[in-house]
Structures are given as structure tokens and as C-alpha cells.
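This report goes through charged side chains, a cysteine and some backbone features of one protein chain. Please keep the sequence and the structure open while reading.

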Amino acid sequence: MAKLAQLKHPDTMHLKAAVGWIQLGDYDSANDELEKIRAEWRAHPDVLELRWLIYSHHEQWDACLDIASAIVKMAPDRVWGWIHKAISLRRATGGGFENAKALLLEAAKLFPDDDMIQYNLACYCAQLGQLDAAQEHLDKSYELGDAKQIKLMALDDEDLKPLWEGEAAG
């Protein structure tokens with residue numbers, strides 16, 4: 001695979017400023033910064049990843065799916081492109097949990113050591129009522145990542161609620 005060209009000044013400055021605005025919760029200012037990047041660089045995966053965060057904040061899932069699909073096509077080695085595509089696919093028109101799960105099962109073959117793919121698979125399985133599979137994926141995410149952090153995140157995740165309720169009932 002060809003190596004992606006790197007952004008250069010002043011585009012890197014605008015990219016960093018956009019990151020700062022996102023960290024501050026100002027997605028409109030972040031978008032304004034991305035618009036200052038030269039047109040020929042706006043489709044770079046680094047720029048698209050921030051664009052995805054902006055569009056997801058505004059719940060524009062069909063656009064998010066287009067953006068994440070472009071990232072996966074240009075940079076298939078970026079795990080977050082796959083995760084963002086699955087998140088988008090789950091919510092986009094004609095998407096859903098089954099389609100998102102299928103995509104992440106494909107990604108899990110490419111990234112067998114990624115904890116967040118396993119975590120998101122747990123979420124999708126839980127939402128589909130596949131509680132045994134959900135628990136297996138969640139356990140695998142604990143093994144691959146920071147188990148303490150993942151457990152804290154999981155306790156507040158509405159997508160995993162069927163798993164917690166299923167365990168409580170069992």
C-alpha cells in the first residue's frame with residue numbers, strides 16, 4: 001500500500017486548532033478551522049477523522065458513513081476508520097446493528113488485538129440479544145486493553161444494558 005502524504009504547514013496548524021476546538025466542545029469552530037485547510041488536503045484521512053467527529057456530534061450519520069468509508073478506503077490500516085464506519089453504519093439510513101456487527105467482524109480479522117473493536121462488537125451483540133457473544137467480546141476487550149478503564153466505560157454504556165439486565169436476571 002502506498003504511504004499517505006503528510007500534511008504540511010499551514011494545514012497542520014489548522015488541523016491542530018480543530019483538535020483544540022473539539023476538545024473544548026466547540027465543533028463549529030473546529031469545522032471552521034478545517035475549512036481553512038487547502039482544498040487538495042481536505043480529503044486526507046487526518047482531516048476526515050476530525051470531520052467525522054464533527055458530523056457525529058451533529059448526528060449526521062449518512063455523511064459520517066461516507067466520511068468513514070473514505071477513510072477505510074484510503075487508509076485501511078487505521079483501526080478507527082473501521083470503528084467509525086461501524087458506528088455510522090449502525091445509525092445511517094439502511095444500516096442497523098447487524099450491518100455494523102458484520103463490518104466489525106471483518107475488521108476484527110484485520111485487527112485481532114484491538115480492544116475497541118471487541119468492545120463495540122459486545123455492544124452490537126448485546127443490542128441484538130446475543131448475550132453470550134456480547135460477554136465473550138467484552139471479556140476479550142478486557143484482555144486486550146485496559147480492563148479497569150473498559151469496565152468503567154461499560155458500566156455507563158446504554159448499548160450494554162441488555163447484557164447487565166440479562167446477567168441480573170440469570
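## Negative surface patch

Asp132, Glu136, Asp139 and Glu143 form a negative patch on the surface. The model is a predicted one. Asp139, one of the patch residues, lies in helix 8, which covers residues 131-144. Its relative accessibility is 33%, so Asp139 counts as partly exposed. Patch residues need over 30% relative accessible area and no salt bridge, and the 33% of Asp139 is over that cut-off.

## Salt bridges

Side chains of opposite charge can pair when their charged atoms come close. With a limit of 4 Å between a side-chain nitrogen of Lys or Arg and a carboxyl oxygen of Asp or Glu, seven salt bridges are counted in the model.

Asp46 pairs with Arg78 in one of these salt bridges, and their closest N and O atoms are 2.8 Å apart. Asp46 belongs to helix 3 (residues 45-57), while Arg78 sits in the loop between helix 4 (61-74) and helix 5 (79-91), so the pair ties together parts that are 32 residues apart in sequence. Asp46 is partly exposed at a relative accessible area of 22%, and Arg78 is partly exposed at 21%.

A salt bridge also links Asp159 and Arg90, with 2.5 Å between the closest N and O atoms. Here Asp159 is in the loop between helix 9 (147-155) and helix 10 (161-169) and Arg90 is in helix 5, so this pair ties together parts that are 69 residues apart in sequence. Are these two residues buried or exposed? Both Asp159 and Arg90 are buried. Elsewhere, Glu35, Arg42 and Arg51 are joined into one network by salt bridges that share partners.

## Glu33 and its surroundings

Glu33 is part of helix 2, residues 27-35. Its relative accessibility of 12% is under the 20% cut-off, so Glu33 counts as buried. Glu33 forms a salt bridge with Lys36, where the closest N and O atoms are 3.4 Å apart. Lys36 has a relative accessible area of 48% and is partly exposed.

Which residues does Glu33 contact, leaving aside its neighbours within four places in sequence? They are His14, Ala17, Ala18 and Trp21.

## Cys123

Cys123 is located in helix 7, made up of residues 115-127. At 1% relative accessibility, Cys123 counts as buried. When neighbours within four places in sequence are left aside, Cys123 is in contact with Asp157, Asp159 and Leu160. Among these contacts, Asp159 is also the salt-bridge partner of Arg90.

Trp61 is 62 residues away from Cys123 along the chain, and the C-alpha atoms of the two are separated by 18 Å.

## Backbone features

Most residues other than glycine have a negative phi, and most peptide bonds are trans. One departure concerns the bond between His9 and Pro10, which is a cis peptide bond with omega of about 5°. Pro10 falls in the segment before helix 1 (11-23).

Glu59 is not a glycine, yet it has a positive phi of about 55°. Glu59 is placed in the loop between helix 3 and helix 4. With 60% relative accessibility, over the 50% cut-off, Glu59 counts as exposed.

Notes:
Residues are numbered from 1 along each chain as its sequence is written. This is a predicted model: local features need pLDDT of at least 70, side-chain atom pairs count only at pLDDT 80 or more; totals for chains, interfaces and linings use all residues. Side-chain values use heavy atoms; hydrogens and water are left out. Patches are made of residues with over 30% relative accessible area and no salt bridge: like charges are joined within 9 Å, nonpolar side chains (Val, Leu, Ile, Met, Phe, Trp, Tyr) within 5 Å. Accessible areas come from the Shrake-Rupley method with a 1.4 Å probe; for residues, only the protein chains shown count as cover. Lys and Arg count as positive and Asp and Glu as negative; His and the chain ends are not counted. The place of a charge is taken as NZ of Lys, CZ of Arg, CG of Asp or CD of Glu. Helices (H or I, at least four residues) and strands (E, at least two) are DSSP runs, numbered from the N terminus. Buried means under 20% relative accessible area, exposed over 50%, partly exposed in between (1.4 Å probe, protein chains only). Contact means heavy atoms within 4.5 Å.
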